[in-house]
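Visitor: I am new to this structure and would like a close look at one part of it. Please take me through a single sheet and what lies around it.

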Amino acid sequence: MYDVIIIGAGVSGCAIARELSRLELKTAVLEKALDVCEGTSKANSGIVHAGYDAKPGTLKARLNVEGSRKMEALSKELDFPYKKNGSIVLCFDEKDKDKLYELKRRGESNGVDGLSILDRQELLRMEPAIGDGAAAALYAPAGAIVCPFGLTIALAENAAINGTEFVFGAKVSDIQKQSYGYLVRTEKQSYETKVVINAAGVYADEIHNMVSENKMKITPRRGEYLLYDKNVGNVVKHTLFQLPTALGKGILVTPTVHGNLMTGPTAQDILDKEGTDTSGEGLDHVTKEASRSIGVVPEKQVITSFAGLRAHITAYDAGRTDDFVIGQAADAPGFIDVAGIESPGLSCAPAIGEYVADMVKDLLRPSQKAGFISTRKGIPSMALSSDEERHRLIKENPAYGNVVCRCEMVTEGEILDAIRRPLGARTTDGIKRRTRAGMGRCQSGFCNPKVVEILARELQTDVSKIRKSGEDAWYLLPPKEGEDL
Amino acid sequence: MKTVDLVVVGGGPAGMAVAIAACEKGISDILILERDKELGGILNQCIHNGFGLHTFKEELTGPEYAVRYIDKVHEKKIKSLLNTIAVDVQGGAPCIVTAMNKEQGMFTIHAKAVVLAMGCRERPRGAMNIPGFRPAGIYSAGTAQRYVNIEGRMPGREVVVLGSGDIGLIMARRMTLQGAKVKLVAEIMPYSGGLKRNIVQCLDDYGIPLKLSHTVTRIHGKDRVEGVTVSRVDERLVPIPGTEEFVKCDTLLLSCGLIPENELSRGAGTEIDDVTQGPVVNARLETTVQGIFACGNVLHVHDLVDNVSKEAQKAGSFAADYIMHGEEDWGEALRPKIPEKTKCALPEGRDEKGQMICIGCPVGCLITAQKNEDGSFSITGNSCKKGEAYARNELTAPMRAVTSMIRVNGGTGTVIPVKTASEIPKGKIDACMEEIKAAVIDAPVKVGDILIENVAGTSVAVIATGNMNKESYE
């Protein structure tokens, strides 16, 4: 019997798992994909919002401000990339300046520190590349950028090292209420548990509806993004938002924590929960809108585009759809929804973890775990190391001297680390998200064969068994077929 | 810290030619830094022929061309560090190169001069911004080429090629010979960017359609490629609504251009030319940073390796002058002469008219040929004897050379590149490939070794075009 089964190894599930791993609980995380961070958590803006956006009094507002305040310390504790670069909300029309002040007031009532209004001159001093139309702005120094994979993987690894079990390729097919607790079924196995935590992202409605009569509907809201070469990573320093208008929330322009430039997202409600495909119209829209924020969008420097799905609740509990749904379902005690975690979900993750852990504490009254390890060291980055550090690393382990990914300078040593760590990578996407191999300007053209080969060698299998991400994402034909060809 | 006269960054065709030329000018203290485990660069995976017509006056495969230079490098006792990556280059007197490898860790080299010869890389899918999913099965043509020709592994069964650059055309043939079905090659321009002869011998020979003014407008398949949408484009290269066609495939190969690889050049502070995307150089191939020269595909993307060698030879010689005689007035920037990109639009229906493209050399003459009733031939349009012989053969018994690879046991790699020692009848290609695929040989292998005698009863041998040592057990 498990104490807690968490469904979904996205950033929310992993944050909760990490908090629960402080306690004497038998916890497992069930994830349908082959790795953590395979859904919404991998394809988003990577922004730690300051917290001025959410409506005061909502869970979003409270958890955002809390999460954003915790993020920096967490990034040091768990060693993932984070940078407090500050956010700027651009206003393109003097007439709309009231709305900036309204946003500022809202932020202040949410408890966001340091908000100020900038006129065009001040704005230009801070961001010389700003578009001609930008008239004024709200400046939020607490805004930050974070590596969404780094955050999720760090939380998961730390939970794992503190005893949390992770099961991959485990898609939940059914949940049954028992006299005490629940029986959670996957295609391969059943899990008896006292508490279920539903952190299933865009599928949280399906999981919820397995146990509750109060039906939920989540409509994936697709966001398309463009990512640019590091050559243009310093076009802007801050994250530039646009003042939301009747037409939408606007397109952001931001440096990433790794030094690329990124624009996006669109916001389009779709039916397909796997619909992470980009569209010509969407990408064109991003570029067009981004050109309002910065004068010249370096279109030729695009290295990739991608789309993520926000879990937007469109029907639940008499129209309560604009806020996160976090808590026990009324007709299913011990079943805790963590649903509708759309923006600013990433920023909220540290706070969501604690918030949900408190609920579990109330239900199960566990004791603190002796010997909880609160810190975690990430994979060393040769690219970010000084020459002296590099030399020391290579002398310790010569594999750090073999560069596999040229664009991002990722070595064999780092890739081996990514495979051999707790919850080690099993796919090339897993390697990519842990080390950045393949994230550079050639987008894995040179390093893919080498990464596939290293994975096969380490996992003691044939290269034809190596996947990009999902079960069907093969790279090479089986050897026999290759020979017959 | 080491001190040498000349550091050459990159051991491909450009880097080797630089080192040899500098050595011939009297510089003996040279060090080549090569990131791969062997010299030769991308030539090692270009197992097709067509190299060396200018340099060696004969048609060689990529590995054979490389071996000629590698042998010379060894002969002249030029030092090279393999599996070594240059991390940073700074100009001046001396220039300082920071490099890294497994054995030595990080180390710096002081050099009187540095020649940049890092080559180029392919444009990735992202740069083309093709909408759709991001599944496995999208390869740049060069990546697929590495898988097939170096690893001996097939990246798919049903293939669409986007872009008709030479690598794309050559990979269309290569994948077909290995048993894949290449559905089509889509080219957004109204002409192909590849050589005419490659359209003939890589596509026409195998019945692979070339769709000009077409592009891929969507990629289907969440995990693995399941198909692509191909659309016609208008004069402004914009896809025309209503022309979309779904093509089922599991693999998309991209051959959409090459970009000079200039991370180190930028790091060194060399000025970069917006047009060539390579460093600005003067008449002596010197960049704007003291002591740093550049040549080959780092400077601009060359059509033929022969031209790379030629340019690199000059760079090596200029660098040697600089080392021996010191700095001269930098003079003026001189943009290397870039031959106009081939715009190959083949006359439609040329076969019916008795027209053909000669595949004897990269020129690709359009020949009109017919066999007269008296048995003689009327052949016009060719500009050399080769063309005449080609046309006569095409009308009577078409001949082709075959290049492929053979599996190796106990070697340092899994496959060795091979070619037919001379052309064989076109109709025998399939039978020849069957024998090549079935063959397995034991290492070591040397260039020119006969691996199959009398392939497919043609009395032509299949010979090795590369070297491979026995695997060493340490």
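Guide: This is a predicted model. We can start with one pair of strands in chain B: β20(B) is joined by 3 bridges to β21(B), which covers residues 366-371, and the two run antiparallel. One of the residues involved is Gln355(B), whose bridge partner in β21(B) is Thr368(B). In general, strands of a sheet pair through backbone hydrogen bonds, either parallel or antiparallel.

The pair belongs to an open sheet of 3 strands in chain B, with the order β20-β21-β22 and antiparallel pairing. At the edges stand β20 (355-357) and β22 (377-380) of chain B; each has a single partner strand, so one side of each is left without a neighbour in the sheet. On average, neighbouring strands of this sheet are turned by 30 degrees against each other, direction ignored.

A helix goes with this sheet. Helix α9 of chain B, made of residues 385-396, lies across β20, β21 and β22 of chain B. Its direction is at about 50 degrees to β21(B).

Beyond the sheet, chain B also meets chain A: 38 residues of chain B are in contact with 39 residues of chain A. On the side of chain B that touches chain A, at least two residues each come from β7 (95-101), β8 (105-116), β9 (120-122), α3 (125-128) and α4 (141-151) of chain B. The most comes from α4(B), with 5 residues. Sorted by class, that side of chain B has 12 nonpolar, 12 polar and 14 charged residues.

Key
Residues numbered from 1 in each chain as written. Chains lettered and ligands numbered in written order. Predicted model: local features only at pLDDT ≥ 70, side-chain atom pairs only at ≥ 80, totals over all residues. Pairing = 2+ DSSP bridges. Helix = DSSP H or I, 4+ residues; strand = E, 2+ residues; numbered from the N terminus. Axes fitted to C-alpha atoms, helices over the stretch in contact; angles between N-to-C directions. Contact = placed C-beta atoms within 7 Å. Nonpolar A, V, L, I, M, F, W, Y, C, P; charged D, E, K, R; others polar.
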